[in-house]
2 protein chains.
Amino acid sequence: MCAKVKNLGVGWRVIMKRFHNTSVKIEDVPAPASRVKVRWLITEETGAPNFAMRQFTVATGGYTPRHTHPWEHEAYILSGRGVVIGEDGEEEEISPGDVVLVPQDEEHQFRNTGEGELKFLCLIPHQKK
Amino acid sequence: MCAKVKNLGVGWRVIMKRFHNTSVKIEDVPAPASRVKVRWLITEETGAPNFAMRQFTVATGGYTPRHTHPWEHEAYILSGRGVVIGEDGEEEEISPGDVVLVPQDEEHQFRNTGEGELKFLCLIPHQKK
């Protein structure tokens with residue numbers, strides 16, 4: 001992690017950060033997710049005013065819960081193979097370089113249907129407090 | 001591109017989209033950028049209410065302009081090698097799997113210092129109108 005601060009005359013603030021994703025703690029995503037881990041790469045607490053970047057890793061046979069929430073996802077598939085399922089139940093195959101936009105309030109699920117890990121970025125707006 | 005719409009009783013809206021990044025038009029980024037191309041993968045127009053996902057490709061020896069703007073970047077390096085330069089002029093090496101947060105109003109530049117293409121995602125909030 002390479003975090004820097006400097007004094008701008010109005011107090012200290014964080015400036016540009018560059019770090020490898022593996023330097024961020026990896027956490028288990030609790031059930032009803034199955035075999036899913038997450039790294040919160042960029043958060044409000046680490047200096048992002050608007051939206052968070054997470055990286056998910058789904059082991060073979062694992063899946064995120066089939067769920068819905070009032071904010072959108074923007075996802076980019078980094079490695080592995082799987083499907084994303086929208087609220088019509090239709091499965092869309094996903095593989096590296098694919099982009100997925102899940103609008104707010106749409107039920108969705110990611111499943112690893114491949115033989116290796118399924119890894120993807122998933123960005124969401126910060127939740128209003 | 002896999003865009004779908006459905007009628008929710010309050011009018012038609014776009015639902016989940018899944019597509020490969022290469023299905024999106026690639027555009028030249030004008031000077032003072034050098035040898036930089038961009039794909040706007042997810043935008044306000046395509047259904048994202050809060051922030052945009054772009055994918056940049058910088059050819060060998062190319063660079064983004066050294067510039068600043070009042071919104072943050074969240075970047076993830078997909079392939080290639082290069083440096084990102086913050087406002088202190090210090091170069092940070094970047095390679096695949098690296099994450100970069102550039103806060104608003106900080107001068108910054110990405111340069112390809114490797115032998116292949118430098119490719120990265122770069123997400124920004126929509127500009128207020």
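This is a short chat about the pockets and the nonpolar core of a predicted model.

Me: Ground rules for the model and numbering?
Reply: The model is predicted: local features need pLDDT of at least 70, side-chain atom pairs count only at pLDDT 80 or more, and totals for chains, interfaces and linings use all residues. Residues are numbered from 1 along each chain, chains are lettered from A, and side-chain values use heavy atoms, without hydrogens and water.

Me: How much space lies in the largest pocket?
Reply: About 460 Å³. A pocket is an open set of points on a 1 Å grid where a 1.4 Å probe fits, with protein on both sides within 12 Å along at least five of seven lines; lining residues have an atom within 4 Å of a point.

Me: Which residues are closest to its centre?
Reply: A:Trp40, A:Arg54, A:Phe56, A:His73 and A:Ile124, of 29 lining the largest pocket.

Me: Which strand gives the largest share of that lining?
Reply: Strand 12 of chain A, with four residues. Strands are DSSP runs of E, at least two residues, numbered from the N terminus.

Me: And the second largest pocket, what volume?
Reply: About 330 Å³. B:Val29, B:Arg54, B:Phe56, B:His67 and B:His73 lie nearest its centre, among 17 lining residues.

Me: New topic. Which residues touch the most other members of the largest nonpolar core?
Reply: A:Met53 and B:Met53, in a core of 24 residues. Such a core joins buried (under 20% relative accessible area, 1.4 Å probe, protein chains only) Ala, Val, Leu, Ile, Met, Phe, Trp, Tyr and Cys through side-chain atoms within 4.5 Å.

Definitions and conventions
Points joined across faces, edges and corners; volume = space filled by probe spheres on them. Buried < 20%, exposed > 50% of the residue type's maximum accessible area, 1.4 Å probe, protein only.
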